[in-house]
Structure formats: structure tokens, C-alpha cells
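Subject: A structure for you to look at

Hello,

I am passing a structure on to you, along with my notes on it. Please have a look at it first, and then read on.

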Amino acid sequence: MVEALGIADYFVIISARNPRHAQAIAQELDYEMKHRGRLRLHAAGFGQENRWVLLDFGDVVVHVFV
């Protein structure tokens, strides 16, 4: 039996075509989650031309990769 790590209930992995696409996906996801009352707790690579973005909403962690 595999035990849960307790870091998050869900990990969402998204592929983007390029860094700009990854940023657009992350911005829209952040906006929609905020609109639904789910505020982002932490972020990495957000607002930069990185090849990945991480958004942490507590029980949901989202990775957007190029």
C-alpha cells in the first residue's frame, strides 16, 4: 500500500506550447480560481518567461510545463 504524502490532494500537470502559452494558462487559471474563491497560496515561475509555472492552491497544485 502506498501512503499519501499529505502535500496536496490533487496534482494537475498541463503542457504548453511555449513559455508565453504557459504564462497565459497560469494567468487564466489563477484568475478563475480567484473568481471561485480559491486564492493562490504560492507560485513559482509566474510572470516570467520560464519553461514552467507552479501554482499552489493548497489542496491542489498545478504544474504548467513547456
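Below is what I found, going from the whole chain to its strands, its core and then a few single residues.

**The chain as a whole**

Please keep in mind that this is a predicted model. The chain has 66 residues, and 26% of them count as buried. Its secondary structure comes to one helix and four strands, and along the sequence these elements follow the pattern β-α-β-β-β. The C-alpha trace spans about 40 × 25 × 15 Å along its principal axes.

A few totals for the chain may be handy. Among contacts with a separation of 6 or more, 50% are between residues 24 or more positions apart. About 5000 Å² of the chain is exposed, with 54% of that area supplied by carbon and sulfur atoms. As for charge, there are 7 positive and 8 negative side chains, and the centres of the two sets lie 9 Å apart.

**How the strands pair**

If you would like to trace the pairing yourself, β4 is a good place to begin. Strand β1, residues 10–15, runs parallel to β4 and is joined to it by six bridges. Within this pair, I13 has H63 as its bridge partner, and I14 has V64. Despite this pairing, β1 is hardly covered: of its six residues, the number that count as buried is zero.

β4 also pairs with β3, this time antiparallel and through five bridges. W52 is bridged to F65 in β4, while L55 stands opposite V62 in β4. These two strands form a hairpin with three residues between them, and G58 in the turn has a positive phi of about 95 degrees.

On to β2, which pairs with β3 in the antiparallel sense over three bridges. Here A43 has L55 in β3 as its bridge partner.

**The core**

Which residues make up the largest nonpolar core? There are ten in all: A16, A22, A26, M33, V53, L55, F57, V60, V62 and V64. Helix α1 (19–35), β3 (52–56) and β4 (60–65) each supply at least two of them.

V60 is a core residue worth a closer look. Beyond its neighbours within four places in sequence, V60 is in contact with A8, Y10, V12, R38 and L55. L55, also in the core, is the residue bridged to A43 and the one that stands opposite V62.

**Some single residues**

Two residues of the helix caught my eye. I25 sits in α1, and its C-alpha atom is 7.7 Å from that of V64, although the two are 39 residues apart along the chain. V64 is also among the contacts of I25, together with I14, S15 and A16, once neighbours within four places are left aside. This ties in with the strand pairing, where I14 and V64 are bridge partners.

The other is D30, again in α1. Is D30 buried or exposed? Its relative accessibility is 13%, and the cut-off for buried is under 20%, so D30 counts as buried. Leaving out residues up to four places away in sequence, D30 touches R40, F46 and F57. Of these, F57 belongs to the nonpolar core.

H63 lies in strand β4. Not counting residues up to four places away, H63 touches F11, V12, I13, I14, V53 and L54. One of these, I13, is its bridge partner. The C-alpha atoms of H63 and A44 are separated by 9.5 Å, with their positions 19 residues apart along the chain.

H42 is found in strand β2, residues 42–44. Its relative accessible area is 53%, and the cut-off for exposed is over 50%, so H42 is exposed. Beyond its neighbours within four places in sequence, H42 is in contact with L54, L55 and D56. From H42 to A16 the C-alpha distance is 20 Å, and the two are 26 residues apart in sequence.

I hope these notes are useful as you go through the model.

Best wishes

Methods. Residues are numbered from 1 along each chain as its sequence is written. This is a predicted model: local features need pLDDT of at least 70, side-chain atom pairs count only at pLDDT 80 or more; totals for chains, interfaces and linings use all residues. Side-chain values use heavy atoms; hydrogens and water are left out. A nonpolar core is a set of buried Ala, Val, Leu, Ile, Met, Phe, Trp, Tyr and Cys residues joined through side-chain atoms within 4.5 Å. Buried means under 20% relative accessible area, exposed over 50%, partly exposed in between (1.4 Å probe, protein chains only). Contact means heavy atoms within 4.5 Å. Accessible areas come from the Shrake-Rupley method with a 1.4 Å probe; for residues, only the protein chains shown count as cover. Lys and Arg count as positive and Asp and Glu as negative; His and the chain ends are not counted. The place of a charge is taken as NZ of Lys, CZ of Arg, CG of Asp or CD of Glu. Two strands pair if DSSP finds at least two bridges between them.
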